[in-house]
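Trainee: Could you walk me through this model? I would like to go helix by helix and strand by strand.

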Amino acid sequence: MPVFRLNHAVLYVRDAERSAEFYNRVLGFERIPLPFPGAVFMRAPGSTNDHDLGLFSVGDQADNSAAGRTSVGLYHLAWEVDTLTDLAEIADRLSEAGALSGATDHGTTKALYGKDPDGIDFEVSWLVPADLLTDDVEMTSRRLDLQAEIDRYGADTLGGIGVSRLLPIEVGDA
């Protein structure tokens, strides 16, 4: 059987408690009471997983990740939201936390990029439903105008599940 979904992510962080507070406040993850010294386990809102995120403390002496700069490694994780209203709310929370690092329209997905307290990158995205993909929707990478997308698709339209449609990639202005 093929792999079809990411079940959870585990991150090494300097301080699991500090990171847990961030993921709770900004993305709404809830703490799961699992007794594991130096670790915090969290569940995304509405998830049926026993946990979606594990945070393991490694201490303040830990170096920043060099992945993508001087070493190989994970670039980011991406979480989906149901509606553009949800995406706008997370944009506000990320901005308030000083953690919003980008907002990109990828055509079939509308994405926010953030950094957690340790500088770990993550993405939060809304997927255009397959029945709303028109011929003018192209895979791209340009600045996200969230209000224009809300006007186009509706604030409370439920997003697609997984990849709505594979399209040729055209890289535009990010």
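Trainee: Which helix holds F22?
Mentor: A word on the model comes before that. It is predicted, with local features needing pLDDT of at least 70 and side-chain atom pairs pLDDT 80 or more, while totals for chains, interfaces and linings use all residues. Residues are numbered from 1 along each chain as its sequence is written, and side-chain values use heavy atoms, without hydrogens or water. Helices (DSSP H or I runs, at least four residues) and strands (E runs, at least two) are numbered from the N terminus, and F22 is found in helix α1.

Trainee: Is F22 buried or exposed?
Mentor: Buried means under 20% relative accessible area, exposed over 50%, and partly exposed in between, with a 1.4 Å probe and protein chains only. F22 has a relative accessibility of 4%, so it counts as buried.

Trainee: Which residues is F22 in contact with, leaving aside its neighbours within four places in sequence?
Mentor: Contact means heavy atoms within 4.5 Å. One partner, P117, is 95 residues away in sequence, yet the C-alpha atoms are 7.4 Å apart. The full list is L27, A97, A99, K115, D116, P117 and F122.

Trainee: How far apart are the end C-alpha atoms of α1?
Mentor: Take the expected span as 1.5 Å times one less than the number of residues. The twelve residues of α1 should then span 16 Å, and the model agrees, because the end C-alpha atoms are 15 Å apart.

Trainee: Within what arc do the buried residues of α1 fall?
Mentor: Those residues are A16, S19, A20, F22, Y23, V26 and L27. The arc is taken over the directions from the helix axis to the C-beta atoms. The buried residues line one face of the helix, because they fall within an arc of 160 degrees.

Trainee: Which element gives the largest share of the largest nonpolar core?
Mentor: A nonpolar core is a set of buried Ala, Val, Leu, Ile, Met, Phe, Trp, Tyr and Cys residues joined through side-chain atoms within 4.5 Å. The largest one here has 35 residues, and Y23, L27, L53, L55 and L87 have the most contacts inside it. Elements that give two or more residues include β1 (9-13), β4 (53-57), α2 (84-96) and α3 (146-153). The largest share, six residues, comes from α1.

Trainee: What does L87 touch, leaving aside its neighbours within four places in sequence?
Mentor: L87 is among the residues with the most contacts inside the core. Its contacts are V81, K110, L112, V124, S125, W126, L144 and L146.

Trainee: Which strands stand at the edges of the five-strand sheet?
Mentor: Two strands pair if DSSP finds at least two bridges between them. The sheet is open, its pairing is mixed, and its order is β5-β8-β7-β6-β9. Each edge strand has a single partner, so one side is left without a neighbour in the sheet; these strands are β5 and β9 (142-143).

Trainee: What angle does α1 make with β8?
Mentor: Axes are lines fitted to C-alpha atoms, for helices over the stretch in contact, and angles run from 0 to 180 degrees between N-to-C directions. α1 packs on this sheet and touches β5, β7 and β8. Its direction makes an angle with that of β8 of about 25 degrees.

Trainee: What is the bridge partner of L112 in β8?
Mentor: β7 and β8 run antiparallel and are joined by seven bridges. In the hairpin of these strands, five residues lie between them, and G119 takes a positive phi near 80 degrees. In β8, L112 is partnered by V124.

Trainee: How many bridges pair β6 with β7?
Mentor: One of the bridges has A103 facing L112 in β7. The hairpin has three residues between the strands, where G107 takes a positive phi near 85 degrees. The pairing is antiparallel, and the number of bridges is five.

Trainee: How much of β7 is buried?
Mentor: T109 is found in this strand, which covers residues 109-115. T109 counts as buried because its relative accessible area is 17%. Of the seven residues in β7, the number buried is six.

Trainee: Which strands stand at the edges of the four-strand sheet?
Mentor: This open sheet has mixed pairing and the order β1-β4-β3-β2. Each edge strand has a single partner, so one side lacks a neighbour in the sheet; the edge strands are β1 and β2 (30-32).
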